[in-house]
Amino acid sequence: EPSEDKQALLDFANNMYHSRPLNWDVRTSACNLWTGVTCNHDKSRIIAVRLPGFGFRGSVPSNTLARLSALQILSLRSNGFSGPFPSDLSKLGNLTSLYLQLNKFQGPLPQNFSVWENLSVINLSDNAFNGSIPASISNLTHLTALNLSNNSFSGEIPDLNVPSLQLLDLSNNNLTGNVPQSLTRFPNSAFSGNQLAPEVSSPPVVPPNEKPEKKSSRISEPAVLGIIIGGSSLGFVLIAVLLIICYSNKEAQPKAPKKPKKEVSLKREKKTISASQDGDGRLVFFENCNLAFDLEDLLRASAEVLGKGSFGTTYKAALEDGTTVAVKRLKEVSVGKREFELQMEAVGNVRHENVAQLRAYYYSKDEKLMVYDYYAQGSVSALLHAKMGEKRIPLDWESRVRIATGAARGITHIHSECGGKLVHGNMKASNIFLNSQQYGCVSDLGLATLITPIAPPVMRTAGYRAPEVTDSRKVSQASDVYSFGVLLLELLTGKSPIHATGGDEVIHLVRWVNSVVREEWTAEVFDVELLRFPNIEEEMVEMLRIGMTCVARMPEQRPKMSDVLKMVEDMRRVNTGNPPSTETRTEESTPAALTPIAADIASTSGQQ
Ligand SMILES: Nc1ncnc2c1ncn2[C@@H]1O[C@H](COP(=O)(O)OP(=O)(O)OP(=O)(O)O)[C@@H](O)[C@H]1O
C-alpha cells in the first residue's frame, strides 16, 4: 500500500470542502477501495486520481497533491475549484493527462510547461484563466490534445509546433493576431470566438486547380460533438445523443450555414433540452476495461460517422486523451431493458483474442449504445474491396489465411459460450477486423436477436445469410457456419457475396462458385490478386472445399464451427506436414493437379 501517497490524498481531501462523500479511509486499501484512485502494478504508488463532480470548492491546498510524485493522470474536472492554477502540480513531472476543465480556476498559467514533459492531454477549458498561452507548451513532444476553450486567454497564439497534437480547441477566449502557420491544419472552429485577424474565419485558400480536401477525409464539423457537459450527472447522456443525432442527420441534409461552435455548447443548451432527460440510463463498463474514459469524456468526443449498418449507425469517437473508440447507436431494439442487459452481459463477457471486446454499453428508453475499441486498419471488407489507390494494399494469401483462422477461432469460441448457446448472428467481412497479431477478430455478435428487422436486408448483408434464415432474428450456430463459409469464398475470390456485374446482372457468390466448380474446374474462381503468390494452390483449393462445405443448403449438413476451425488449421499441416510458413512450402502444384480435388468438392458439397 502506498501509505505516503494515501496520506497526501487525505491531506488534500480533509482540507477541502466537497459535497459528495469520498470513501477514503486511512485503514482501507487505497488501491482497491478508494473512489477515483488507481495504483501502479505492484501497488506501491498512486498513479491516477479522478475526482470529477465531487462538489469540491476552494483552492487546492498546497503541499498535498505535490507529494503524489508518481501521478500520471489527474482529473479534477467539473467541480468548483477556484484560485490560481495549483502550484502543487509543478511537482508532478510524470503527469500524462491533466483535466481541470469546468471549474473556477483563474489567473495566468505557469510560463514553464516544460516540467511536464510527458503530458499528452491538457484540458483547462471552461475556467477563468487569463494571461497569455505559454509558448513552452510547444516543448511537450507527446502532446495530443490541448483544450483551453472558454477562458479569458489574451495575446497572440504562440507557435505551437507540436507534430503529435491532434485535437486543439482555443475557442472563446480573447486571443488576437493571426493563427500561426503550425496550427492552420486545425479547423476554424478551434479558434472561433476570439478577436483574431479576419483571414481565420475565411475559407482556406485553394489553388485554382486543386480541389478542396474532401469533408469526409477528416472529422467533419457537422459531425463533431463539441459537447461540453457541465456537472457530472449521467443523465445528460440524452442531451449528447440528441446532439449526435442532430449533427449526424445534418450530414444527410442540405447544408445549412455553419453555426459557430460556440452555439453548440451544452452549457448554454442544457436548460432548453433538459426536459428530454430521463436519467434512466448509465454507461456500464465491463470488468478489465482499462480504457480511461467515462461517459462525459465519451460525450465530449469528436465523432465521425463510420457507416450505417443493419442495426444502426456506428461512430468513431476521438476522446480527449487520444483514445479512439467506436460507438454503435442501435435502432429498433425489440426487447425490454432486462433482456437487453442480459444479452449485453453475455456479449461483454466473451473474452477472446479473436473477438472484438465490447467495452461498455448504455441503455435508456430512447437510446442504446455499444462501445468498442476502434480498429484503425478498417474492416476486412474495406481491406478486400476498397478501390485500389484508396489506401488499399492488396491482401496477400498469408493475410487472408490469418483472417480466416482468426475468425474461425473467434466464432468457435462464441459458440462455446453461454452453455454452448451463443450465436454470432451477423458474420460478414465488415464485422471482422484485424487484431494486434493481424489475425481476424470478429465483432458485432449477439445483436440479431435483439433488433427488429424493419426492412429487407441490404445487399451486403443478404449475401451472407443462410437460406433458412427468413427472419433475421432466427439465426443459429448453423447459420453462422454458412456465413463463415461465404466469408471464405469472399477471401478466395475477392468478390463480394452479392455483387453486380457490369450490366444489370446480380451475382450471388455462393451460386456462382458452385456453378464454376460443378461445370468444370478453372482457376478463374480465385482472386487474380492471389495468382502471383507461388505454391498456394493446394491451400486455396482446400479453403474452397471448406467454404463449400459450410455453405451447404441444409443446416444439418453443415459442420460444427469447431470442426470448421480444425479444418482451417489443418489446411496447412495437411499440405506441408510442416507448421505454416511460406518458406517451408516447396512442392510444386500445377493447375492440372486441381482438377480431381475440384471434382471432389463438387460431388460432396450440398449445392444450391
Ligand atoms: N470497432 C470498429 N472499428 C472500426 N470500424 C468499425 C468498427 N465497428 C464498425 N466499424 C465500421 O463502421 C461501419 C459501420 O458498421 P456497422 O457495424 O454499423 O455496420 P455494418 O457492419 O455495415 O452492418 P451491420 O450493422 O449489419 O453489422 C462499417 O464499415 C464497419 O466496418
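In these legends a residue is called buried when its relative accessible area is under 20%, exposed when that area is over 50%, and partly exposed in between, as calculated with a 1.4 Å probe on protein chains only. The structure is a predicted model, in which local features need pLDDT of at least 70 and side-chain atom pairs count only at pLDDT 80 or more, while totals for chains, interfaces and linings use all residues. Residues are numbered from 1 along each chain as its sequence is written, and side-chain values use heavy atoms, with hydrogens and water left out.

**View A. The surroundings of N354, in a loop between a helix and a strand.** Helices (H or I, at least four residues) and strands (E, at least two) are DSSP runs numbered from the N terminus, and N354 belongs to the loop that lies between helix 6 (337-348) and strand 20 (358-363). Because its relative accessibility is 1%, N354 counts as buried. Leaving aside residues up to four places away in sequence, N354 is in contact (heavy atoms within 4.5 Å) with G406, R409, G410, N435, Y439, G440, C441 and V442. Of these neighbours, C441 is itself buried, at a relative accessible area of 2%.

**View B. The disulfide between C31 and C39.** A disulfide is taken here as a pair of cysteine sulfur atoms within 2.5 Å, and by this rule the count comes to 1. The bond joins C31 to C39 with an S to S distance of 2.0 Å, and the link is left-handed, with -90° about the S-S bond. C31 is buried at a relative accessible area of 13%, and C39 also counts as buried, at 12%.

**View C. Helix 12 and its cover.** Helix 12 comprises the 14 residues 537-550, and its end C-alpha atoms are 20 Å apart, in agreement with the 20 Å expected at 1.5 Å a residue, a span reckoned as 1.5 Å times one less than the number of residues. The helix is mostly covered, with 11 of its 14 residues buried; among them are E537, V541, L544 and C550, and for C550 the relative accessibility is 0%.

**View D. The packing of helix 8 against helix 12.** Helix 8 (residues 397-420) packs on helix 12 at an angle of about 30°, with the axes 12 Å apart; axes are lines fitted to C-alpha atoms, for helices over the stretch in contact, and angles run from 0 to 180 degrees between N-to-C directions. Angles under 35 degrees count as roughly parallel, over 145 as roughly antiparallel, 65 to 115 as roughly perpendicular and the rest as oblique, so helix 8 and helix 12 are roughly parallel to each other. At the contact, W397, R400, V401 and A404 of helix 8 meet E539, M540 and M543 of helix 12.
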